[in-house]
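Visitor: Good morning. I would like to talk through the empty spaces inside a protein; could you show me one?

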Amino acid sequence: MSNTHKPLVFSGMQPTNTLHLGNYLGALKNWVKLQDQMPCIYCVVDMHAITAVAYGKPDELRTAVREVAAAYIAAGVDPKKSVLFQQSAVPAHAELAWIFNCVARLGWADRMTQFKEKAGKHKERASVGLYTYPMLMAADILVYKATHVPVGEDQKQHLELTRDVAQKFNNDYNVEDFFPLTEPVIMGAGTRVMSLRDGAKKMSKSDDSDMSRINLTDDADMVAQKIRKARTDPNPLPENEKGLEGRPEAENLINIYSALSDIPRAEIIARFAGQQFSGFKNELADIAVAKIAPIATRMRELLADPAELDRILKDGALRAAAIADPIVAEAKKIVGFSH
Ligand code: TRP
């Protein structure tokens, strides 16, 4: 099938809790870069948030939406250049999601590993929204006919479903190439940031220990302290990349150094080969503070003026709707909803 669609990036994050270094290196940093390559749409997916954690917590949800929007901007998403908005403000997402609920098959949804993980043992107690989450995600993307979606490894399966939905819709309604077959942009190695306390676990907002993660709201002292106290094994830095095998904590710190400085891992290892971690950590702390502290400062400034943030989001929603509305109108016509 020919793919004649104009390049367009779409991505989103859920407004749940504060963001951390893993969100920055794994996603935001790359979103910022993509802005120079093609038009980008970045969304705060609040409708996804109420499928689970944010359900029943309207005040927390409102706060989190602003925090995540502020984090996008503080990290370098330019709301003049890119479209930055809140999902629930553009009804076209929900309209297309309904159509996709009818395109996708039960078997497809049943295979989603994220649902199984999030629903846990008591699947019958999960919300129906959590189950249909992937179809809403497909709608987020395809309502703009987005061609590229930067996501982490954990979202690859949802992207495959998005392609399946596009293909089945195009096929069943005989509208070849109406929806694009969207490509995942899986971020490079080193963007999977692990816990600072346990190299086998992902850095996560739900970890009980705050020392396990660097929050984008941490001040300079806190960032430095967390890096200096990060767990390592008792050995010095290895002589080469192979020497990182079986040393997840060492590997994680080197990955973080590499991602923050844009210096390749091999070069970093060559420089610190055989040295103790203390000196390396001091340097890493300086680099992390230089990158993260200004983001925290900018976030605080933005959050101090919620009316301005709301204005930015509203402007983004208007621009998003201007793209999405004609596409959803056409999709409705294709389905046979004629108005
Ligand atoms: N499911 C994504 C996550 O948890 C968030 C998301 C929702 C998303 N809609 C999207 C990501 C569309 C990319 C494109 O990370």
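Guide: Certainly. Please keep in mind that this is a predicted model. Let us begin with the second largest cavity, whose lining divides into five nonpolar, two polar and one charged residues.

Visitor: Which residues line the second largest cavity?

Guide: The lining is made up of Met112, Gln114, Phe115, Lys118, Leu130, Tyr133, Pro134 and His158. Two elements, helix H6 (113-119) and helix H7 (128-142), give two or more residues to this lining.

Visitor: And what volume does the second largest cavity have?

Guide: Its volume is about 30 Å³.

Visitor: How many cavities of 30 Å³ or more are there?

Guide: The count comes to two.

Visitor: Let us change to the other one, then. What is the volume of the largest cavity?

Guide: The largest cavity has about 40 Å³.

Visitor: Which residues line the largest cavity?

Guide: Asn17, Thr18, Leu19, Glu67, Val68, Ala71, Leu216, Thr217 and Met299 form the lining. By class, five of these residues are nonpolar, three are polar and one is charged.

Visitor: Which helix gives the most to that lining?

Guide: Helix H3, which covers residues 58-75, gives the most, with three residues.

Visitor: From which domains does the lining of the largest cavity draw at least three residues each?

Guide: The two are domain 1 (9-185 + 306-335) and domain 2 (210-300), and each supplies at least three residues to the lining of the largest cavity.

Visitor: One last point: how does one find where empty space is left?

Guide: A probe the size of a water molecule is rolled over the atoms, and this shows where empty space is left.

Terms used
Residues numbered from 1 in each chain as written. Predicted model: local features only at pLDDT ≥ 70, side-chain atom pairs only at ≥ 80, totals over all residues. Heavy atoms only, no water. 1 Å grid on protein atoms, 1.4 Å probe; cavity = no way out; pocket = protein on both sides within 12 Å on 5 of 7 lines; lining within 4 Å. Points joined across faces, edges and corners; volume = space filled by probe spheres on them. Helix = DSSP H or I, 4+ residues; strand = E, 2+ residues; numbered from the N terminus. Nonpolar A, V, L, I, M, F, W, Y, C, P; charged D, E, K, R; others polar. Domains from an automatic or database assignment.
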